[in-house]
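User: I've got a model open and would like to talk through its packing and its charges. Can we go step by step?

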Amino acid sequence: MKNIALFAAMAAVTLSVSAQAADVTAGKKTYDSACFACHATGAAGAPKVGDKAAWKDRIAQGDEILNKHAIEGYQGKKGFMPAKGGRADLTDQAVKDAVAYMVAESK
């Protein structure tokens, strides 16, 4: 029984790591097709991917706030984020994956 429990725990960790890797890969695809127009150029005050200073305070807010703003939209002092980047066809998970990708590239 102990071996089965150990195997199950190892499988869960492996799946979790694989899922995280898939999220970043999926996030890059969403970024490339939907987010790059603003987050590569800084349009509408969007923080550019890779600009650590621009992302520092945003990242400090935590994933929950970043995802909420990306999914629901946000009007801030520095710019405007339309809900789902103006792409209503994106799933919430696709947006979360794109946020994860941008954060990973901007730390």
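Analyst: Sure, what follows is a run of short questions and answers on this predicted model.

User: Let's start inside. Which helix gives the most to the largest nonpolar core?

Analyst: That core has 15 residues, and among those touching the most other members are Y31, C35, L90 and M102. Helices α1 (2–39), α3 (63–72) and α4 (92–105) each supply at least two residues. With seven residues, the top contributor is α4.

User: Which residues does M102 touch, leaving out those up to four places away in sequence?

Analyst: M102 is one of the core residues that touch the most other members, and so are Y31 and C35. Both of those turn up again among the contacts of M102. The full list is Y31, C35, H39, V49 and W55.

User: What kind of aromatic pair do Y31 and Y101 form?

Analyst: The structure holds one aromatic pair, and this is the one. Y31 sits in α1 and Y101 in α4, so the pair ties together parts 70 residues apart in sequence. Both tyrosines are buried. The ring centres are 5.4 Å apart with 45° between the planes, and that makes the pair tilted.

User: Back to C35. How far away is the nearest cysteine sulfur?

Analyst: C35 is buried at 15% relative accessible area, whereas C38 is partly exposed at 32%. The sulfur of C38 is the nearest one to C35, but the gap is too far for a bond, since a disulfide needs the sulfurs within 2.5 Å. The disulfide count comes to zero. As for the distance, it's 8.8 Å.

User: D97 is buried and has no salt bridge. Which side chain of opposite charge is nearest?

Analyst: D97 is found in helix α4. Setting aside neighbours within four places in sequence, D97 is in contact with D23, A26 and G27. A salt bridge needs nitrogen and oxygen within 4 Å, and the nearest side chain of opposite charge is 8.4 Å away. That side chain belongs to K96.

User: How many salt bridges does a search of the whole structure find, then?

Analyst: One joins K28 and D32 at 2.9 Å, N to O, and both residues lie in α1, four residues apart, about one turn of the helix. Another joins E72 and K68, with the closest N and O atoms 2.7 Å apart; this pair lies in α3, also four residues apart. D92 and K84 make one too. The whole-structure total is four.

User: Is E72 buried or exposed?

Analyst: Its salt-bridge partner K68 counts as partly exposed at 42% relative accessibility. For E72 the value is 53%, and the line for exposed is drawn at over 50%. So E72 counts as exposed.

User: And K84, in the bridge with D92: is K84 buried or exposed?

Analyst: K84 is in the loop between β2 (80–81) and α4, where its phi is near 50°, a positive value in a residue other than glycine. Its closest N and O atoms with D92 are 3.0 Å apart, and D92 itself is partly exposed at 37%. Buried means under 20%, and K84 comes in at 18% relative accessible area, so K84 is buried.

User: Which other residue has a positive phi without being glycine, with a value near 55°?

Analyst: Look in the loop between α1 and α2 (52–60). The residue there counts as partly exposed, at 48% relative accessibility. The name you want is A44.

User: What covers the buried residues of α3?

Analyst: The buried residues of this helix are L66, N67, H69, A70 and I71. The cover takes in both helices and strands. It includes α2, β1 (74–75), β2 and α4.

User: Last one: how far apart in space are G73 and A83, C-alpha to C-alpha?

Analyst: G73 comes just after α3 and takes a positive phi of about 95°, in the loop between α3 and β1. Leaving out residues up to four places away in sequence, G73 touches K68, M81, P82 and A83. G73 and A83 are 10 residues apart in sequence, yet in space the separation is 3.7 Å.

Note on methods. Residues numbered from 1 in each chain as written. Predicted model: local features only at pLDDT ≥ 70, side-chain atom pairs only at ≥ 80, totals over all residues. Heavy atoms only, no water. Core = buried A, V, L, I, M, F, W, Y, C linked by side-chain atoms within 4.5 Å. Buried < 20%, exposed > 50% of the residue type's maximum accessible area, 1.4 Å probe, protein only. Contact = heavy atoms within 4.5 Å. Lys, Arg positive; Asp, Glu negative; His and termini not counted. Phe/Tyr/Trp six-rings, centres within 6.5 Å; stacked < 30°, edge-to-face > 60°.
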